[in-house]
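Visitor: Could you walk me through this model and explain the reasoning behind the terms you use?
Guide: Gladly, let's take a look together.

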Amino acid sequence: MRLINDKKTPQTMAIKIDIITLFPDMFKGPFDMSMLWKARDKGLAQIMTHDLRDYGLGTRKTVDDTPYGGGDGMLLKPEPVVAAIEAIKGGGNARVVVLTPAGRKFDQALARELATADQLVLVAGHYEGFDERIMSYVDEQISIGDYVLTGGELPAMVVVDAVVRLIPGVLGGEASAHDESFSDPNLLEYPHYTRPVEFRGERVPEVLQNGNHAAIEKWRREQSEAKTAKYRPDLLDS
Ligand code: ADE
């Protein structure tokens, strides 16, 4: 099993992420830039997209069909989706995840959990959804929030970004991923400042300028608590 960067368990193995989608081109921009590109370049994340159409049925490579019982829209057929999962899923600690608004709500704790896998197979659906029988081949259904998008591609990108940045070596400082909002799931992050010391009449708080680390820690904690109480009181209740 691969472990992630809590400070007690340093390790260096990469994660493999495979995304099954009808729209592989949607991933080109986001995955070729910034942190995700760096993670791939350093060999810390191997991310591949797979065109579901390649697993389609017959000469027309059919992937969708009308729903039994009637209703609007088309459903993704089970055969192509399951064939893709079975072709792509490797051995070891692989997790197969379907992105769907009906899934478990994605959060930092789930990101950390997924980051321990050797391989993530993410299935992004389109049309009105999937034939329910694919769920027997899936470990987890995940929603990125209580709203409905046109497909699972954007949610898959969100999950990949949140997971990959937890892989040791992907972020600059190993502590970065650790200190942030939601690493303590009940507190938002404290405010940050950089130069100049004064911007349009607003000054950097004195305490951050004097180098007293204990005082800075105390101020940050208080700020985190105050910010959480103001913007996300629901986190303090939980
Ligand atoms: N597909 C469509 N909407 C979604 C959502 N909110 N989360 C995950 N997958 C989705």
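Guide: Let's start with P196, which sits in the loop between α6 (176-179) and β8 (198-199). Keep in mind that this is a predicted model.

Visitor: What makes the peptide bond that joins R195 and P196 stand out?
Guide: That bond is cis, with omega at about 5°.

Visitor: Why are α2 and α5 called oblique to each other?
Guide: Helix α2 (residues 34-41) packs with helix α5 (residues 153-164) at an angle of about 60°, their axes lying 10 Å apart. Roughly parallel needs an angle under 35 degrees and roughly perpendicular runs from 65 to 115, so α2 and α5 count as oblique. The crossing of these two helices is left-handed.

Visitor: Which residues of α2 and α5 meet there?
Guide: From α2 come M35, L36 and A39, and from α5 come V160, D161 and V164. Sorted by kind, the residues of this contact are five nonpolar, no polar and one charged.

Visitor: How do you know that T100 makes a polar contact with the ligand?
Guide: The cut-off for a pair of N or O atoms is 3.5 Å, and a polar backbone atom of T100 is 3.2 Å from a nitrogen atom of the ligand, so the pair qualifies. I144 also has a polar backbone atom 3.0 Å from a ligand nitrogen, and for L149 a backbone N or O atom lies 3.0 Å from one. The residues around the ligand include P101, Y147 and P155.

Visitor: What is notable about phi of K61?
Guide: Phi of K61 is near 55°, a positive value in a residue other than glycine. You will find K61 in the loop between β2 (45-51) and β3 (64-65).

Technical notes:
Residues numbered from 1 in each chain as written. Predicted model: local features only at pLDDT ≥ 70, side-chain atom pairs only at ≥ 80, totals over all residues. Heavy atoms only, no water. Axes fitted to C-alpha atoms, helices over the stretch in contact; angles between N-to-C directions. Helix = DSSP H or I, 4+ residues; strand = E, 2+ residues; numbered from the N terminus. Parallel < 35°, antiparallel > 145°, perpendicular 65-115°, else oblique. Left-handed = near helix turned anticlockwise from the far one by under 90°. Contact = heavy atoms within 4.5 Å. Nonpolar A, V, L, I, M, F, W, Y, C, P; charged D, E, K, R; others polar. Near = heavy atom within 4 Å. Polar contact = N/O pair within 3.5 Å; in protein donor to acceptor, adjacent residues only side chain to side chain.
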